[in-house]
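Hi,

Here is the structure I promised to pass on. Have a look at it first, and then read my notes underneath.

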Amino acid sequence: MSEESDLEKTEEASPRRLEKAREDGDVARSRELVTLVILGAGISGLWLTSSSLGTTFGGALQHGLQFDRKSAFDASHMLTQAGSMVLEGLLAIAPFFGMMMLAALVGPIILGGWLFSTKAIAPNFGKLNPLAGIGRMFSTQSLAELTKALAKSLLVGLVAWWVISGHVGDMVALMGEPAHRALPHAIRMIVVDCAVIAATLVIVAMIDVPYQLWSHAKKLRMSREDLRQEHKESEGDPHVKANIRRMQQQVAKRRMMAEVPKADIVVTNPTHFAVALKYRDGDMRAPRVVAKGSDLVAQRIRELAKEHNVAVLEAPPLTRALFKHTRLGDEIPAGLYTAVAEVLAWVYQLKRWKDEGGDAPRTPTDLPVPSELQYNVSAA
């Protein structure tokens, strides 16, 4: 039962899913809204330019029907006159077509925003599958589009019949008016009738826009398994991350152990902790921690120190303080300068005693460790 619920697409699409769908050119679009915007722009353009269009085309019609003796005997004059009439007509309708082009660009981005995706225009041979095409023909989406188209056609058709039937008398009256008055009246009548008819598309768009948003969101829904898989892909598989961390720790451990033979001194707890220190006069401001560890790692540090003749000193308070308050590569805290200086002095004396002989140096004890740097293992 739980497995079935995990596979059901009941969860809202994640931001990553929405972003991927947008990259693929899959966003919510409403054809009805685009149609409404273009029709609205066309009707507005006709309304705003009706006077100039009527005057221009009426004058062109009147001028074109006049008989000119020069045009009858000179073909070039006729062509020149026709060209000027065409240019005048194009200039008259240029604002109208400009508004239509702007509406064609703005309309599609009202819902879904501006989007340019090469994936949307890339060839997809899977769409050539006839079985998949038949499945799309009888899908819920296709049935909804068919129902919407039939309802829209019926609604627009009824409104158009009602509007046009109410202006039959006015249309007949146009035949009795002069051409320069009839044309502007006809344009205004067409604009008014188209505006009333197009107003019905507002209702269609108000229904279609929420439906398209809901349908797009439903199509992109995810199951719980999808969300888990996406989380793994984005954050990384926990098992893989654990393996990477383990490998990184092993590499860091090997690198750390390689520094032990180069150390000047290894201080111990004596068994629980071990810290290796290195100091090069002129290259370092203060001694640095080149290796540290506890339990088995501390034991391995001590073994490597003995193998490579690195001095080992049991100094529990100092070792615990260094282990607690430093990381690999760090300089020792300022509060431990005195204690570490005493230890390094003992190391140099020890080396000279081994090389030259004489009295063995006194092993340092009771090294000064400030109270604020002391680390009580039992309390921790």
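Below is what turned up, starting with the aromatic rings.

Keep in mind that this is a predicted model. How many aromatic pairs does the structure hold? There are two. In one of them, the ring centres of tyrosine 211 and tryptophan 214 are 6.1 Å apart and the planes meet at 40°, so we call this pair tilted. Both residues belong to helix H10 (residues 179-219), and because they are three residues apart there, about one helical turn separates them. As for accessibility, tyrosine 211 is partly exposed, with a relative value of 25%, and tryptophan 214 is partly exposed too, at 45%.

The other pair is phenylalanine 273 with phenylalanine 323, also tilted, with 4.4 Å from centre to centre and 35° between the planes. Which parts of the chain does this pair tie together? Phenylalanine 273 is in strand S2 (residues 273-278) and phenylalanine 323 is in helix H14 (residues 316-325), so the pair links parts that lie 50 residues apart in sequence. Phenylalanine 273 is buried, because its relative accessibility is 8% and the cut-off for buried is under 20%.

Phenylalanine 323 has another partner: the charged end of lysine 292 sits over its ring, 4.6 Å from the ring centre.

One more spot to find is arginine 31, in helix H3 (residues 31-65). Is arginine 31 buried or exposed? Its relative accessibility is 68%, so it counts as exposed. Its C-alpha atom is 8.5 Å from that of aspartate 208, although the two residues are 177 residues apart along the chain.

Cheers

Technical notes:
Residues are numbered from 1 along each chain as its sequence is written. This is a predicted model: local features need pLDDT of at least 70, side-chain atom pairs count only at pLDDT 80 or more; totals for chains, interfaces and linings use all residues. Side-chain values use heavy atoms; hydrogens and water are left out. Rings of Phe, Tyr and Trp (its six-membered ring) pair if their centres lie within 6.5 Å; planes under 30 degrees apart count as stacked, over 60 as edge-to-face and the rest as tilted. Helices (H or I, at least four residues) and strands (E, at least two) are DSSP runs, numbered from the N terminus. Buried means under 20% relative accessible area, exposed over 50%, partly exposed in between (1.4 Å probe, protein chains only). A charge sits over a ring if NZ of Lys or CZ of Arg is within 6 Å of the ring centre and within 35 degrees of the ring normal.
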